[in-house]
Amino acid sequence: MILKKITDPHLSIHTYLLIDADTLQAAVIDPTRNVEPLLSIIADGGVQVSYILETHVHADFVSGSKELKSRLQGMPTIVCSGLGEEEWQPRYADRLVMNDREMINLGNLTVQAWHVPGHTPEHLMWVVFEHDSPTAVFSGDFLLGGSLGRPDLLGPDKCLELAKQLYQSTFHVLTTLPMQINVYPAHGAGSFCGKNIADKNLIILEDEIHTNPHLRAQAETEWINQLLAEMPPPPRYFARLKQLNVKGADLIDSLTPLRVLDIQELHSSDLELVDLRNQEAFAQSFIKGSINIPFGSSFTKWAAEIVSADSPIVFISSDAETVTKALTCVRLVGLDHVMGYFLWNEQSLSPEMSDSFDLILPENIASSNIQQIIDVRTQEEWDQGYIAGALHIPLPLLAKELPLLSREKRIAMICGSGYRSSIAASLAKKRGFPHMASVHGGMQAWKKAHLPVEIPKN
């Protein structure tokens, strides 16, 4: 057995290429839509991909199975789970696993589908056998380093049922594997598919049983309560991607190619203008109605959360290279209506098209006539300390809460570092809030300046 791993750092996704060393037959487990790194490894190794295996219907990224099969001239067989309800059977699957422990032959390897419902009803883990002995497990979103796949993504009506299934999968299926087996999860730290996921690329089952709080045996009700306690709300875009991954996304070659736009084409109110520049450049000058999501490690998640999947999208950037990178990222989360981009040129903007807001240092807030501070961090961050008098509205909820706020007040947005507060300030500006500012450096800078912090009382 030869194993190659491709990691997408923006979404903390691990895709695996499993190769039989004798025959060079291969299977890909849980590919993303960005297949270029995978194709390069396949070509360099001279392997033949016979199967594309999915563990479940993903919620956090667009499955790349269709894309990969197309790029490999339709040769691999796409295998998905058919063990959940029919609504969770991907329409693009060539073969559905309809029985627990079904087997696939991969040269001299055998790969077996174990049904482990709980994160989703149909979830599989793929167990690899060499010489009739299980030697590796691809656990998908079932077992994650220090965590388990969350059971709440299908809504409150299904949560308890899935949590009970997850309990059974954990203590009556997972524990039947050899304790020294290597487990390869689909996600690392930073994924929203579980809470408090550790930065582990490889899990030794025995070690995980000793360290993972959710693998400690206890009564089912207590276990479920512990698992669900302080579970962060699922991202808004998860439900959209679940449906897209059942239907199957369009092939990238079929999407409208990007073109450079001139300033006159940006006047339409139907466009989603996404400015990729950093917070400082955006605050100084931006096109009215644009949203600032600076390109970087957090870009993909916030683009998926904030940007409409139905409206035509236009990127605004200082350079074309950043646009190309951003395009790859948004396609990972199914934002396919990117019609073009505008290369930033402040001289081409008329005064009525441009806007700005203040970046305020924490120590200058008192002298800046700020009437309201809005903290857009998570609940967990808020609980670690906040500014007295600040209003807590986590960024994913801001668009819904904005109509309840006064447009007459001078408002400053704050987050952890200044990244999310720039998104928040741009959203408020787009919604017609004229007196807007962002706290430069966020709570990190606030604490560094030794300014007072309130701690919630228990």
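Me: What is the volume of the largest cavity in this predicted model?
Reply: The largest cavity has a volume of about 60 Å³. The structure is a predicted model.

Me: Why is this space called a cavity?
Reply: A 1.4 Å probe fits at its points but cannot get out, so the space counts as a cavity.

Me: How many cavities of 30 Å³ or more does the search find?
Reply: A search of the whole structure gives five cavities of 30 Å³ or more.

Me: What makes Tyr92 a lining residue of the largest cavity?
Reply: Lining residues have an atom within 4 Å of a point of the space. Tyr92 lines the largest cavity, therefore one of its atoms meets that limit. Arg33, Glu67 and Asp250 are also among the residues of this lining.

Me: Which helix gives the largest share of that lining?
Reply: Helix α2 (residues 65–71) gives the largest share, three residues.

Me: How do the residues of that lining divide by class?
Reply: Three are nonpolar, four are polar and four are charged.

Me: Why is Gly190, in the lining of the second largest cavity, counted as polar?
Reply: Gly is placed with the polar residues by definition, so Gly190 is counted as polar. The lining of this cavity of about 40 Å³ has four nonpolar, two polar and two charged residues.

Me: What makes the largest pocket a pocket and not a cavity?
Reply: A pocket is an open set of points, whereas the probe cannot get out of a cavity, so the open space is called a pocket. The largest pocket holds about 1,400 Å³ of space and is lined by 40 residues.

Me: Which element gives the most to the pocket lining?
Reply: α10 gives the most, with four residues.

Definitions and conventions
Residues are numbered from 1 along each chain as its sequence is written. This is a predicted model: local features need pLDDT of at least 70, side-chain atom pairs count only at pLDDT 80 or more; totals for chains, interfaces and linings use all residues. Side-chain values use heavy atoms; hydrogens and water are left out. On a 1 Å grid over the protein atoms alone, a cavity is a set of points where a 1.4 Å probe fits but cannot get out, and a pocket is an open set with protein on both sides within 12 Å along at least five of seven lines; lining residues have an atom within 4 Å of a point. Grid points are joined across faces, edges and corners, and a volume is the space filled by probe spheres set on the points. Helices (H or I, at least four residues) and strands (E, at least two) are DSSP runs, numbered from the N terminus.
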